[in-house]
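I opened this entry to note what I looked up, item by item. The structure comes first, then my notes.

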Amino acid sequence: AATAPVDAYGPFGYLAEGSRTNLALQSQTLDNAAWNPNEVAGSGAVTANQYVAVDGTTTVDKFTATAGGTNHYITQGSLTTTAAPQTFSQYLRYVNNRWIALVIYDGTGLHYASFDVLNGIVGAVSAGVTSSIQATALSGTYRVIMTVTTAATAVGQIYISLNNADLAGLSSYAAAGTETVGLGGAQLEAASFASTYIPTTTAAVTRNADVLTYPTSGNISGTQGTAYAEATMAGVSPN
């Protein structure tokens, strides 16, 4: 089932988030040459700025499969990861293609997670992968997330695949040429859960940790009063 809504890319104010780096380049411009739709001949094509994003801007790109072909995906390579949990997240807008897969290649093997963006549910995953899907305020738009512990590599890749079934893999089929999904907000980070979206262009971008300070002098009594706080848990460490 979908989790709590994600209503915008941000900024959101103080979130008590740690420092994170988005390794995926051109995170909002998936028509850029950093994303290669032609690794498999006839894979598909990306058209920029066709749909409204969760922040209200028309910056979600359109990815349509090429008629015929076999696999239908875009990919970004030469990503350096470590032997640690990696989380790949992507904003997807349902247009007419129900099943989408996210894939991480770590130089040793491919790791898959399938998502149903018509009904907003997670699908099949490969061994060692965990996945989730988050609804947004926009109907048919979700943030999909996969996490897997990868091997250390300097030649890793991420993929977004237009699949024709719930498959923990890359579907091989002859497309009609109309299969379409909206893409925005790609993020790859070295962590066991997804943080808020960090836009990138030509280089990886690091967001500093959130730090909140509040002077007690003149604001808080040293002898009496009540302290109250609300918190949202972003992740749980097994240790």
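I began with a term: a residue counts as buried when its relative accessible area is under 20%. I needed that for two tyrosines. Tyr91 meets this rule and is buried. Tyr197 is buried as well. I also note that I am working with a predicted model.

**Entry: the chain overall**

I counted elements next. The protein chain has 14 strands and zero helices. From the N terminus on, I therefore read β after β, with nothing else in the run of elements. I checked burial for the whole chain: 43% of its 239 residues count as buried. The accessible surface comes to about 11500 Å². Carbon and sulfur atoms hold 54% of that surface. I then looked at contacts between residues at least 6 apart in sequence. Of these, 71% join residues at least 24 apart.

**Entry: a sheet of five**

In what order do the strands of the open five-stranded sheet stand? I read β5-β12-β7-β8-β9, with antiparallel pairing. β5 (73–81) and β9 (121–125) each have a single partner strand, so they stand at the edges and one side of each is left without a neighbour in the sheet. Neighbouring strands here are turned by 20 degrees against each other on average, direction ignored.

I took one pair from this sheet. Strands β7 (residues 99–105) and β8 (residues 110–116) run antiparallel and are joined by seven bridges. Ile100 stands opposite Phe115 in β8.

**Entry: aromatic pairs**

How many aromatic pairs are there? I found two.

The rings of Tyr73 and Tyr159 have centres 5.0 Å apart. Their planes stand at 75 degrees, so I logged the pair as edge-to-face. Tyr73 lies in strand β5 and Tyr159 in strand β12 (residues 153–163), so the pair ties together parts 86 residues apart in sequence. Both tyrosines, Tyr73 and Tyr159, are buried.

The other pair is Tyr91 with Tyr197. Their ring centres are 6.4 Å apart and their planes are at 75 degrees, so this pair is edge-to-face too. Where do the two residues lie? Tyr91 is in strand β6 (residues 85–94), while Tyr197 is in the loop between β13 (180–189) and β14 (205–207). The pair therefore ties together parts that are 106 residues apart in sequence.

**Entry: a charge over a ring**

Last, I looked up Arg20. Its charged end sits over the ring of Phe193, 4.6 Å from the ring centre.

Key: Residues numbered from 1 in each chain as written. Predicted model: local features only at pLDDT ≥ 70, side-chain atom pairs only at ≥ 80, totals over all residues. Heavy atoms only, no water. Helix = DSSP H or I, 4+ residues; strand = E, 2+ residues; numbered from the N terminus. Buried < 20%, exposed > 50% of the residue type's maximum accessible area, 1.4 Å probe, protein only. Contact = heavy atoms within 4.5 Å. Areas by Shrake-Rupley, 256 points an atom, 1.4 Å probe, with all protein chains shown as cover. Pairing = 2+ DSSP bridges. Axes fitted to C-alpha atoms, helices over the stretch in contact; angles between N-to-C directions. Phe/Tyr/Trp six-rings, centres within 6.5 Å; stacked < 30°, edge-to-face > 60°. Lys NZ or Arg CZ within 6 Å of the ring centre and 35° of its normal.
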